[in-house]
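Reader: I should be grateful for a close look at a single part of this structure, set in the context of the chain as a whole.

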Amino acid sequence: MMLAAAILIPMATAVLCLMLRRRAAVARLVSLAGAVALLIASVLLLVTVLQGGPVAAQMGGWPAPFGITLVADLLSAAMVLITGIVAVAVAVYGLADVTRNEERRGHHTLTQALLAGVCGAFLTGDMFNLYVWFEVMLIASFGLLVIGGGKAQIDGAVKYVGLNLIATLAFLTGVGLLYGATGTLNMADLHGIVPGRQDEVAILGAAALLLFAFGAKAAMFPVFFWLPAAYHTPSVTTSALFAALLTKVGVYALLRVFTLVFDAGHPSIQAVLLVGACLTMAVGVLGAAAQNGIRRILSFHIISQIGYMVVGLAIYTPLAIVGGIFYLFHHIVVKANLFLIGGLIARRTGSEDLDRIGGLWAARPWLGVLFLIPALSLAGIPPLSGFWAKLLIVQASLEAELYIVAAVALVVGLLTIFSMSKIWLEAFWKEAPAGTPAATGTVPALGAAATAALLTPALALAAITVVIGLMPGPFFDAAQVAADHLVTPDAYVRAVLGGASP
Amino acid sequence: MNSLILTTATRALAPLLLVFSVYILLRGHNEPGGGFIGGLVAATAFALLEKAEGVARARRLLRLRPLTVAALGLGAALLAGLWGAVAKGHVLAGVWPLIEKTADGGKSGLPVGSVLLFDVGVYLVVVGAVCGVLFALEEAATALECEPDEGGAGRGGGAPKTIDQTMDRTIDRTVDGGDR
């Protein structure tokens, strides 16, 4: 029941918001209450998993591997927790950011449906069910992209849906192949069947298709085009939600499926992952250098950061997986925050185009400090969270004697600093260009309530970043336990299949 | 659309399709069929009505706004899941309040319970979602065909001038269900 709660709460909230879609003020509060309830449920789930190890629930009472299993090990539970944190942050920010028009068109319903899909993907123990949650996410995110209604939104959404549909089709084909070859789709069951058969054409083919599908969802090179095409078009609230969670579900699926079911250490899979991840890091950061809008720059940085997480899986040593998981947590918090602060900058200056803004350091120094925390963390400056994440990845690649990977990771880190300092120089230090709203002082002022709603989530997320940075110990330990669950999933398998573990 | 053949045929076909859709829904319990395909058949009936007699009439016949139908369906499915959780301890477990075990170990009674409620939910979601999209697209197409100088005031009245406006209005219609 506790497992299903993380899915049922956002789903029930979605239904309520859909019923209340004509009463924007009530729907807004219901949505916020749903996000808080999700956060509480996710904390309870994490506590349970920390105390008793992986837990599983059989939907409809059908025993695994015949029914659909929901299962949470530490990685899943932590991902759900961070989903809850982001959900609350985004809901609070949305109080002052989402327009009435978007609310009337179902912003809250779609957001909650998206959260249900994300939590479902994190919690399911079944390959086909994972596909279903991906679809739920895709449909909800498509809706969120178009409710703004402009031409740019529709243009972004078409590219987004186009590539994602291809990925989904590959996912479904891979799942079909896997089922044909093994006769089961329960991940714990597959864990007992697939190893040793990984050189069979059907299994390797399924692995390749799933790798493509998850890679596209995670925006890996060369299938990342949908992300920069779409992420800067919707409201800031929505793009922060997307930036925090959507690609990370792809990374989570890679981590889960390519440790539990397939073996990422298989030479051909590992080669693809390593090369793909390094190119993803490099291409993302180079793409960002060419951009001039804040959210566009940040979108390309998501891609580059995805490379770091996948590299953690690709190196496939225990330390590297710990690094990947640590990176995943740190990145969700930092990236959501950067999008929220990017929105704040746009609110204070009237634009998010770097050519049209400036002078913020003089006008709002505290906003500058607030921006620097996640920005420097993203670039990997000590003592912020990103430093530890990058350190783990680089150390793991050096230990595995993959010096090129380590070099790429370090150079990309440097280039990330370049991008962040570009935003810093243009938005904060430069004088506001003449004639723009920022220079003439015609930017619409924010009320006190709106300022509080916009600032609080950014402050809270920045505080999390600083805490992870100053006390990485507990988080590192947790990542280590989560990685242990992934590498030796005995407890996971026992939780799902009962005592009869292989 | 003004076609005598279509209107006449629809009058016979639409009720037939609706009854058949319920049959498919119920049959789905143990045989091919179920809420999804039943919902699609029912949506076909409304599509026919909308083509033959206009969107306004089809909306009236559906009575509720399409998205409200979908929301009710999603709620019903959710309740079915919770019902199982409360009664049997497993989310989505089947609950059969009207079935009793007979003395000889068999079962008798009406197989109506949480599973049917779930299927009805799916049926409603499909009907609501398909009708919502279909009606809104039809209205957008009609609005585009209108002459611009017809334009009345207010949202939904008058012809949109640009593709942007058309898209805007289509989205609004999907959400609002033609409520002016």
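Author: What follows is an account of one helix pair and of the chain that holds it. The model is predicted.

Chain A contains 22 helices and two strands. The part chosen here is the pairing of helix α11 of chain A, residues 236–260, with helix α13 of chain A, residues 294–315. The axes of these two helices come within 11 Å and cross at roughly 15°. Because angles under 35 degrees count as roughly parallel, α11(A) is roughly parallel to α13(A). The crossing of α11(A) and α13(A) is right-handed.

On the side of α11(A), the contact is made by S239(A), A243(A), T247(A), V251(A), L254(A), L255(A) and F258(A). From α13(A), the residues that take part are R295(A), L298(A), I302(A), I306(A), M309(A), V310(A) and L313(A). Sorted by class, the contact of α11(A) with α13(A) comprises 11 nonpolar, two polar and one charged residues.

The setting of this pair can be described through the chain as a whole. The C-alpha trace of chain A spans about 70 × 55 × 40 Å along its principal axes. A compact globule of 502 residues would have a radius of gyration near 23 Å, and the 22 Å of chain A agrees with that value. Of the 502 residues of chain A, 63% count as buried. Among contacts in chain A between residues at least 6 apart in sequence, 79% join residues at least 24 apart.

How values were computed. Residues are numbered from 1 along each chain as its sequence is written. Chains are lettered from A and ligands numbered from 1 in the order in which they are written. This is a predicted model: local features need pLDDT of at least 70, side-chain atom pairs count only at pLDDT 80 or more; totals for chains, interfaces and linings use all residues. Axes are lines fitted to C-alpha atoms, for helices over the stretch in contact, and angles run from 0 to 180 degrees between N-to-C directions. Helices (H or I, at least four residues) and strands (E, at least two) are DSSP runs, numbered from the N terminus. Angles under 35 degrees count as roughly parallel, over 145 as roughly antiparallel, 65 to 115 as roughly perpendicular and the rest as oblique. A crossing is left-handed if the near helix is turned anticlockwise from the far one by less than a right angle, and right-handed if clockwise. Two residues are in contact if their C-beta atoms, placed from the backbone, lie within 7 Å. Ala, Val, Leu, Ile, Met, Phe, Trp, Tyr, Cys and Pro count as nonpolar, Asp, Glu, Lys and Arg as charged, and the others, Gly among them, as polar. The radius of gyration is taken over C-alpha atoms; the globule rule is 2.2 Å times the number of residues to the power 0.38. A residue is buried if 20 or more other C-beta atoms lie within 10 Å of its own, exposed if 12 or fewer, and partly exposed in between; C-beta atoms are placed from the backbone.
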